[in-house]
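Subject: Structure handover

Hello,

Here is the structure we spoke about passing on. Please open it first, then read my notes below.

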Amino acid sequence: MSKAVSSAGVSNSGIGASVKRREDVRFITGQGSYVSDVEMQRQTYAVFIRSPHARARILEIDASAALAMPGVLAVLSGAEMAADGIADLPCGWAVVSKDDSPMKVAPHPTMAVDSVNYVGEPLGVVIAESLQIARDAAEQVLVDYEELDAVISLAGAISAEQIYPEIPNNLCYEWALGDEAETNAAFESADHISQLDLSNNRLIPNAMEPRAAVAEFDATNDSYTIYTTSQNPHLERLVLSAFVQLAPEHKLRIIAPDVGGGFGSKIFVYPEETAAAWASKKVSRPVKWTCDRAESFLSDAHGRDHLTRVELALDKQGLFLGLRVKTTANLGAYLSLFASAVPTYLYGTLLAGQYKTPAIYVEVQGVYTNTTPVDAYRGAGRPEATYVVERIVETAARELGIDPAELRRRNFIQPSDFPYETPVALVYDTGNYGASLDKALELARYDSFAERKAEAQSRGKLRGLGFSCYIEACGLAPSQLAMQLGAGVGLFESGEVRVNPTGNVTVFTGSHSHGQGHETTFAQVVSDRLGIDLDSVEIVHGDTGRVEYGLGTYGSRSIAVGGSALVLATDKIISKCKVIVAHLLDSEADLIDFEDGTFTLRDSNQSMDFAEVAAAAYFPATFPEDLEPGLTATAFYDPDNFTFPAGTHICELEIDPDTGVIEIIQFVAVDDFGKVINPMIVEGQVHGGLAQGIGQALLEEAVYDEYGQLQTGSFMDYCMPRADDVPNFVVDTTVTPCTHNPLGVKGCGEAGAIGSPPAVINAVTDAIGIKNISMPATSEKVWRACQQSKSSSGGAV
Amino acid sequence: MKISVTVNGVDEELEITPNALLADVIRDQLYLSGTHIGCDTSQCGACTVHLNGMAVKACTVLAAQVDGQAVTTIEGIGSPADLHPMQAAFKEHHALQCGFCTPGMIMRGIDLVNNSEVLDEAAIREGLEGNICRCTGYHNIVKAMFNAALEMAPGKTTEQEVV
C-alpha cells in the first residue's frame, strides 16, 4: 500500500493531498510562456483575409495594391495553398446514418478556394514585416464575391436551400440509437407522458488566451517547428501530416507551451496555424499569428446548438418506462475535427442518465448551416444530454405531484445494479447516486426550503429550487470501442518515467495542461508511487519533440487515462528496480518488497533506497549481460471502459418579478469523481465548470442575424459571467472508486458545466411556476415570463 | 515620437508611434510579456497594469499618454523569491488555473485593496466587473483577494470570512 493511503492518513504531498500548484509561480509573476510570447528572429506577421459574407462565391482576389505596400512579403490565397498540395481539414469521427449510409462530409479546404460558407472563414493571408503593415495590407486586398442565400436558422435548415450540391437537405447524417419499437411500446402502455421542446443555446468557448501560432520552416532539413495553442500537440502533428499533408510526421515539431485555457476549442486543427506554417516556407521566414478576440468569436469552433423534443413515459408509481428524443444539431458550415461525434456518441449514449429507464430511443439529425463550425465545448454532448434528461424528469415530477428528489430516487440505478448496461450502449461500472443526492439535499437544507420560499414571498420575491442529477462518460476512451464507433484514432494515452542517475525523475506525459494543474497532480501520482519527494519529480508535456506520443487533454481524460499510463510506467520502473536490487543483493526479484521508496529483501535487514538503485542502474559495474543499464520506462494505457462521474447539483435562486433579475442564493454541487488526487484542484475545476454552466443557463448565447452576421461578436455583446454574476459555491464529493483504472479516478473537468444548466433552469421555472423557459434565461425573458405567469396560470415562454 | 517613462522602477526612453497602445509597447518594445491581451474591446482586463499606482487597462491608454509617468507591470511587484502578498494569496488559495487573466487580476486586486474604503466579498465581486476569468468561476479569486487584503490592509476588511 502506498504511503498516501496508509492508516496514518494522507501524506502532505501524495495522492489525496491539496498540494499547492507548482506551476503557479511563473503565472503569478508574469513569467508564463504563452504562444504569443514566443519571439523568433526575423519573424513576420500574418493577418487573415476573412469572408464578410455567410455564403458567397469567390470571383476574384486582387492583391496588387497590398503587394505594392512596403513591408508586405506575400499575399497567399486558399487556391495557392490547395495547388501546393495542402489538403482539406478532416473530420476524425465517421458517423453512420440509421439507413447505414455514411455521413456526408462537406469539403473543407484549409483556406477557402472557390466559395465561402461562414462569416469569418479565412480565404487568404497577408505576411508582412509588422503586424500593423499586415493589418493595413489585408484591408487593401480586394475580393470580389457573388453573394448567395445563406442558411442560418437551425430550425429551417433541412427545408432551406441546399448549401453543397452533394448534400441534400443540408443533412450530414440522420443517426439513431436505441430500440425504437420497444420504446414506442413503452409509450403505448404509459400512464403518464411528459413532453418538452428544448433548445440548447449556442455558445462561444472564449478561453481567455486567443488562439495563436508561431511557425518556422527549416529549409536545411525540410522540417517545421510550430508553436501553437493546442490541447493535443501530437494529434495536431498527426492531422497535419497524415491528412493535411503539410509535411511528414517526423518533420513536424508541435509545441504547445503554456496554453491559456481551452475548454475544447483548442482540440481542433484550424486553418490559421496550418496556413502560418505553410506560409513560413513560402516566405522563408518565421511567421507569427495571434488571433484578435473579434476573430476568435468568428473562427473558434462554437459549442452546443441543439433543438430537441423529448418525451418521457411513466407508470402510476412514477417509474420511467421509456424515453424518446429527437434532436436537430447544428454542425455549422463544415465538420470540425470531432464535430460529428459530439451530438451522437457523446450525447445519445448519455440519455439514460442515472436512471433505470428500460427503453430509450434517440434520433439526431446533424445539419449544415452557414455558421461557424460547431464542435466540442466543455462537456461536449453530455451537457446537452443532461439538460434533456434533467429537464424532462423535473417536468414529470411537477406534473405528477411527486417531490422531484423522490421521483429521481425512485428511478435511480442502485449500487447493487452495477455493472449496469443502459439501453444506449454504455456499461456503467460503479456509482452511488443516492449518496450524492442525500449529501446535496443536506447541504442545500432542502427540508426547510418551503420556509425560505414563503419568507421570500413576503418580500415580494420568487424563490425557486432546481435539481440536476447528472452522469457523464469520461476518460475517453477504450480505443477498440471508439474505433468501432467511427473514431479515426485510438484514444489511449502514453507516459514515460525517466529516472535520472541521481535519483530524481523526469516524467513525460501525452496529456496537456492548459489550466488543469498536471504539473502538480501528475507529480503527486509519480512521487506517491515511487515513494520519492514531490520536489524530485518534474513533469514535461506539450512538445512533440520531447514527449514521445500523446492524444492530449479533452473529455476529462487526463488523470484517468494519462495518469493511469504513468502508473503503468512506474510499475515497470519498480519491477526493473527489483531486478537490479536482486542482482546486487544476490537474491531473486520476487523476494524484493517495495514500500515508501525502499526496496527490502524479504525476511532480512538488507535494503536499498530508490536513489541508490537509480545510481546502480547508471553505474552498472557488475551487471550481468542480460541486465540492461538505465532506468526508464514508457507505458501506453488504453482503458477498458469509460469512467462515469456523476452527482447532484442543486440551485436555489430568487427572482425579482418587477425586474426579472435573478440572484443565485446558493449552488450546491456534490460530485462523485472516484478517488481524488488533489482536492484543491478538483474543487477549482468544479467552480469553473459551474460558472460556465450558469453562464449558459442565464447569460451566454451566440446570436446570428438572418444574413449570418454574428451579433454577439465581442465581450460587449456576448455576456460572459463576471464575478458578481456567480455566487460562492458549496462543493463536496462522494466517492465510489472507478473499478477499471489503477488510480480509481474518474475525471472532474467537465462536471460543473454538465450538471449545472438544468439545475438553474429547473430553479427558474420552479420560482416562476412555469413549465419552460429557454436558455439563456435573461432578465428580459424572466420578466416577460413573470408578467405572463401573473396573467395566466403558467405556460411555456 | 519619444517618451520617457519609469517602468517597474527603471527609467526608459522609448521611440514609439503616436498610435501605439501602452499594452503593445509593454509587450513588444519592453518585452514584458506578463501583461496579456485577451480582447480588443477593453472588456477582459488581462492587460491591467498600474499607472502611478492606479490600475488601468493598458489597452485603453496610448503610450504617448504615459510620458513622464510611472508604470508598474506584473513583473514589477514581486519575484519568485519575494512574492507580493497578492501573488502569494493567489497561489495559496488556488485563484488561477490557466494563468492568462492572472496578471491583470493581481494588478486589479492590489489596486482594489489600496484604493477601497472597505473590502468585503460583495465589494471585491463588484470591483472585478472589468476582469474576466473563464477558468476559476471567481470563487477562489475572491477568496485570495480577501485574504491578501487581510494582510495588506487589515483595517479595510470586514470580519466576515470568505470561505
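What follows is a short account of what I found, starting with chain B and then turning to domains and backbone.

Please keep in mind that this is a predicted model.

**Chain B overall**

Chain B holds five helices and five strands. Read from the N terminus, the order is β-β-α-β-β-β-α-α-α-α. So two strands come first, then a helix, then three strands, and four helices close the run.

How does the radius of gyration of chain B sit against that of a compact globule? For 163 residues the globule rule gives a value near 15 Å. Chain B has 16 Å, which agrees. The C-alpha trace of chain B spans about 50 × 30 × 30 Å along its principal axes.

Burial comes next. Of the 163 residues in chain B, 58% are buried. The accessible surface of chain B is about 6200 Å². Carbon and sulfur atoms contribute 50% of that surface.

Contacts in chain B reach along the sequence. Taking contacts with a separation of 6 or more, 60% join residues 24 or more positions apart.

On charge, chain B carries 9 positive and 20 negative charges. The mean positions of these two sets are 7 Å apart.

**Domains**

Both chains have a domain assignment, so I give them in turn.

- Chain A: domain 1 covers 3-32 + 492-637, and domain 2 covers 429-471 + 644-797. Each is therefore written as two segments. The C-alpha centres of these two domains of chain A lie 39 Å apart. In the contact between them, 23 residues of domain 1 of chain A meet 17 residues of domain 2 of chain A.
- Chain B: domain 1 is 2-74 and domain 2 is 85-156. Their contact takes 18 residues from domain 1 of chain B and 14 residues from domain 2 of chain B. The C-alpha centres of the two domains of chain B lie 21 Å apart.

**Backbone points to check**

Most peptide bonds are trans, and most residues other than glycine have a negative phi. The residues below depart from that pattern. Two cis bonds are in chain A, and the positive phi values are split between the chains.

- Leu476(A) to Ala477(A): this peptide bond is cis, with omega near -5°. Ala477(A) sits in the loop between strand 18 (462-471) and helix 13 (479-484) of chain A.
- Met775(A) to Pro776(A): the bond joining them is cis, with omega about -5°. Pro776(A) is in the loop between helix 18 (751-768) and helix 19 (779-791) of chain A.
- Arg42(A): phi is positive, about 65°, although this residue is not a glycine. Arg42(A) lies in the loop between helix 1 (24-28) and strand 1 (44-50) of chain A.
- His94(B): phi is near 50°, again positive in a residue other than glycine. His94(B) is in the loop between helix 2 (85-92) and helix 3 (102-115) of chain B.

Is Arg42(A) buried or exposed? Its relative accessibility is 56%, so Arg42(A) counts as exposed. And His94(B), buried or exposed? At 1% relative accessibility, His94(B) counts as buried.

Best wishes

How values were computed:
Residues are numbered from 1 along each chain as its sequence is written. Chains are lettered from A and ligands numbered from 1 in the order in which they are written. This is a predicted model: local features need pLDDT of at least 70, side-chain atom pairs count only at pLDDT 80 or more; totals for chains, interfaces and linings use all residues. Side-chain values use heavy atoms; hydrogens and water are left out. The radius of gyration is taken over C-alpha atoms; the globule rule is 2.2 Å times the number of residues to the power 0.38. Buried means under 20% relative accessible area, exposed over 50%, partly exposed in between (1.4 Å probe, protein chains only). Contact means heavy atoms within 4.5 Å. Accessible areas come from the Shrake-Rupley method with a 1.4 Å probe; for residues, only the protein chains shown count as cover. Lys and Arg count as positive and Asp and Glu as negative; His and the chain ends are not counted. The place of a charge is taken as NZ of Lys, CZ of Arg, CG of Asp or CD of Glu. Domain bounds come from an automatic or database domain assignment.
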